[in-house]
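Thanks for making the time this morning. I would like to walk you through one structure, beginning with its aromatic pairs and then moving on to its helices.

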Amino acid sequence: SLMKNERAIIMSMWDKMASQAEAIGTETLERLFCSYPQTKTYFPHFDLHHGSQQLRVHGSKILAAVGDAVKNIDNLASALTKLSELHAYILRVDPVNFKLLSHCLLVTLASRFPADFTAEVHEAWDKFMSILSSILTEKYR
């Protein structure tokens with residue numbers, strides 16, 4: 001679980017990210033599809049070209065979910081139940097993809113916020129995203 005200082009770090013970084021959520025989400029998805037092309041198979045109906053409307057919309061959804069998780073940082077499991085069920089039962093996303101997406105988000109944050117994304121912030125966000133990934137895969141068990 002997250003320690004008090006880690007929660008504070010996550011919330012502080014989210015405050016910096018929130019106004020750029022669409023751009024961060026879009027860049028994270030583009031990074032995911034470029035680095036891990038096998039993940040494109042879940043989006044056969046999407047225009048996957050750089051900056052497409054569909055990438056921007058889905059990137060916004062992803063970052064909105066991360067934002068909801070930040071807002072519910074003390075109750076993550078219940079906050080992510082519906083999202084976990086959607087990805088496990090309806091979309092049938094391979095759970096490894098949550099870890100790949102988490103990595104791409106961390107790289108995007110490091111690239112967009114080089115002064116703010118210190119080792120301490122990186123560690124807290126890595127832990128947070130690992131917890132999110134774990135919760136999202138609970139319905140697969």
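Before the residues themselves, a word on what counts as a helix here, since one of the pairs depends on it: a helix is a DSSP run of H or I with at least four residues, and the helices are numbered from the N terminus. Please also keep in mind that what you see is a predicted model.

Let me start with the rings. A search over the whole structure turns up 3 aromatic pairs. In one of them, the ring centres of phenylalanine 33 and phenylalanine 43 are 5.2 Å apart with their planes at 65°, and because an angle over 60 degrees counts as edge-to-face, that is how this pair is classed. The pair ties together distant parts of the chain, given that phenylalanine 33 sits in helix 2, residues 21-35, while phenylalanine 43 belongs to the loop between helix 2 and helix 3, the two residues being 10 apart. Phenylalanine 33 and phenylalanine 43 are both buried, and ring pairs join Phe33, Phe43 and Phe46 into a cluster.

Tryptophan 125 and phenylalanine 128 make another edge-to-face pair, with 5.3 Å from centre to centre and 80° between the planes. Where do tryptophan 125 and phenylalanine 128 lie with respect to each other along helix 7? They are 3 residues apart in that helix, which spans residues 119-136, so about one helical turn separates them. The general background is that an α-helix has 3.6 residues a turn, so residues three or four places apart point the same way. Both tryptophan 125 and phenylalanine 128 are buried.

Now to helix 3, which has 19 residues and runs 27 Å from its first C-alpha to its last, close to the 27 Å expected at 1.5 Å a residue. Which residues of helix 3 are buried? They are Leu55, Gly59, Ile62, Leu63, Val66, Gly67, Ala69 and Val70. Because these residues cover an arc of only 155° around the axis, they fall on the same side of helix 3. The face turned away from that buried side carries the exposed residues Lys61 and Lys71. As for what covers the buried residues of helix 3, the list includes helix 1, helix 2, helix 4, helix 6 and helix 7.

Among these, helix 2 deserves a closer look, since its axis and that of helix 3 come within 7 Å and cross at roughly 105°, which means that helix 2 is roughly perpendicular to helix 3. On the helix 2 side the residues that meet helix 3 include Ile24, Leu29 and Phe33, and on the helix 3 side they include Leu55, Gly59, Ile62 and Leu63. Phe33 therefore appears twice in this account, once as part of an edge-to-face pair and once in the contact with helix 3.

Also in helix 3 is valine 57, which counts as partly exposed because its relative accessible area is 37%. Valine 57 and proline 95 are 38 residues apart in sequence, and their C-alpha atoms are 22 Å apart in space.

Finally, two other helices. Helix 6 has 17 residues and reaches 25 Å between its first and last C-alpha, close to the 24 Å expected at 1.5 Å a residue, and its buried residues include Phe98, Leu101, Cys104 and Leu105. In helix 1 we find aspartate 15, which counts as exposed because its relative accessibility is 60%.

Definitions and conventions:
Residues are numbered from 1 along each chain as its sequence is written. This is a predicted model: local features need pLDDT of at least 70, side-chain atom pairs count only at pLDDT 80 or more; totals for chains, interfaces and linings use all residues. Side-chain values use heavy atoms; hydrogens and water are left out. Rings of Phe, Tyr and Trp (its six-membered ring) pair if their centres lie within 6.5 Å; planes under 30 degrees apart count as stacked, over 60 as edge-to-face and the rest as tilted. Buried means under 20% relative accessible area, exposed over 50%, partly exposed in between (1.4 Å probe, protein chains only). The expected span of a helix is 1.5 Å times one less than its number of residues. The arc is that of the directions from the helix axis to the C-beta atoms. Contact means heavy atoms within 4.5 Å. Axes are lines fitted to C-alpha atoms, for helices over the stretch in contact, and angles run from 0 to 180 degrees between N-to-C directions. Angles under 35 degrees count as roughly parallel, over 145 as roughly antiparallel, 65 to 115 as roughly perpendicular and the rest as oblique.
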